[in-house]
Amino acid sequence: MDYKTPVMGAFMRAIGFEVSKANGEGVEGSVEISPDHHQPMGLVHGGVYSAVAESACSIGASLAVMDDGKYSVGLNNSTDFIRAFREGTLTVKAWPVHQGRTGQLWQCDMTREDGKLVAQGKVKRHGFDETPKLGHKRGGKRRIIIARVRYKTVDAQGDTDVIS
């Protein structure tokens, strides 16, 4: 099954990820990088690379199981930032490293116009036969599991502060 026009949410539309080819064997696309994608130091924000890798791998993994009536959800996204990039076309190519009965591992390479690798993401996906339930039932009530995120900041003097 080929996926011609992915429906992107506002977040991915803002990043500008354009998919040119997508199926269960690979996803290709691009992002026109501009200063709008920069973090304060003038380089592309790492979140752009992570979001593009997640999207490309998720589209491909979902298409790989869609014809079987299954769908795929993300378990992990690990994106490495290889070299600095400021402006131009970022080419995106994602493909499956492993496709098992319930699990998939996808890799996404993001290169600049000269073909040099800028960032590389690996995304682990899990396939389901039916829609997963949020949380679990206990005593007839559904309990929703919420993760608490903690951030640790370090100032110039080396003092730390933990924010929950």
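This briefing describes the fold, the core, the strand pairings and selected side-chain contacts of one protein. The model is a predicted one. The protein comprises two helices and ten strands, which follow one another along the sequence in the pattern α-β-β-α-β-β-β-β-β-β-β-β. Of its 164 residues, 31% count as buried, and among the contacts between residues at least 6 apart in sequence, 56% join residues that are at least 24 apart.

**Helix α2 and the nonpolar core**

- Helix α2 takes in residues 46-66, and 15 of its 21 residues are buried, so that the helix is described as mostly covered.
- With 21 residues and a rise of 1.5 Å for each, α2 should span 30 Å, and because its end C-alpha atoms do lie 30 Å apart, the model agrees with that expectation.
- The largest nonpolar core holds 30 residues, and the members that touch the most other members are F17, Y49, V52, L90, C108 and M110.
- At least two residues of this core come from each of α1 (10-15), β1, β2, α2, β4, β5 (103-111) and β6, while the largest share, ten residues, is supplied by α2.
- C108, one of the core members named above, touches A53, A56, C57, V92, K93, A94, A119, Q120 and G121 when residues up to four places away in sequence are not counted.

**Strand pairings**

- Strand β1 (residues 18-23) and strand β2 (residues 26-33) run antiparallel and are joined by five bridges, and the two strands form a hairpin with two residues between them.
- Within this pairing, K21 has E28 in β2 as its bridge partner.
- Strand β2 also pairs with strand β4 (residues 88-99), again in the antiparallel sense, and here the pairing extends over seven bridges.
- In the pairing of β2 with β4, E32 stands opposite T89 of β4.

**The surroundings of V31**

- V31 lies in strand β2, and because its relative accessible area is 0%, against a limit of under 20% for burial, V31 counts as buried.
- Leaving aside residues up to four places away in sequence, V31 touches I15, G16, F17, H37, V52, G88, T89 and L90, and F17, V52 and L90 are among the core residues that touch the most other members.
- For V31 and G16, which are 15 residues apart along the chain, the C-alpha atoms are separated by 5.6 Å.

**Salt bridges**

- The structure holds two salt bridges, and in one of them the side chains of R125 and E54 meet at 3.6 Å, N to O.
- This pair links distant parts of the chain, since R125 belongs to strand β6 (residues 117-128) and E54 to helix α2, with their positions 71 residues apart in the sequence numbering.
- The partners differ in burial class: R125, at 5% relative accessibility, counts as buried, whereas E54 is partly exposed, with a relative accessible area of 27%.
- The other salt bridge is formed by R112 and D114, whose closest N and O atoms are 2.8 Å apart.
- Both R112 and D114 count as partly exposed, R112 at 22% relative accessibility and D114 at 47%.

**The aromatic pair**

- A search of the whole structure finds one aromatic pair, made up of Y49 and F81, with 5.9 Å from centre to centre and 40° between the planes.
- The pair is described as tilted, because an angle under 30 degrees would count as stacked and one over 60 as edge-to-face.
- Like the bridge between R125 and E54, this pair links distant parts of the chain, with Y49 in helix α2 and F81 in strand β3 (residues 71-81), 32 residues apart.
- Y49 is buried, with a relative accessible area of 3%, while F81, at 49% relative accessibility, counts as partly exposed, because only values over 50% count as exposed.
- Y49 thus has two roles in this description, as a partner of F81 in the tilted pair and as one of the residues that touch the most other members of the largest nonpolar core.

Note on methods: Residues numbered from 1 in each chain as written. Predicted model: local features only at pLDDT ≥ 70, side-chain atom pairs only at ≥ 80, totals over all residues. Heavy atoms only, no water. Salt bridge = Lys/Arg side-chain N within 4 Å of Asp/Glu carboxyl O. Helix = DSSP H or I, 4+ residues; strand = E, 2+ residues; numbered from the N terminus. Buried < 20%, exposed > 50% of the residue type's maximum accessible area, 1.4 Å probe, protein only. Pairing = 2+ DSSP bridges. Phe/Tyr/Trp six-rings, centres within 6.5 Å; stacked < 30°, edge-to-face > 60°. Expected span 1.5 Å × (residues − 1). Core = buried A, V, L, I, M, F, W, Y, C linked by side-chain atoms within 4.5 Å. Contact = heavy atoms within 4.5 Å.
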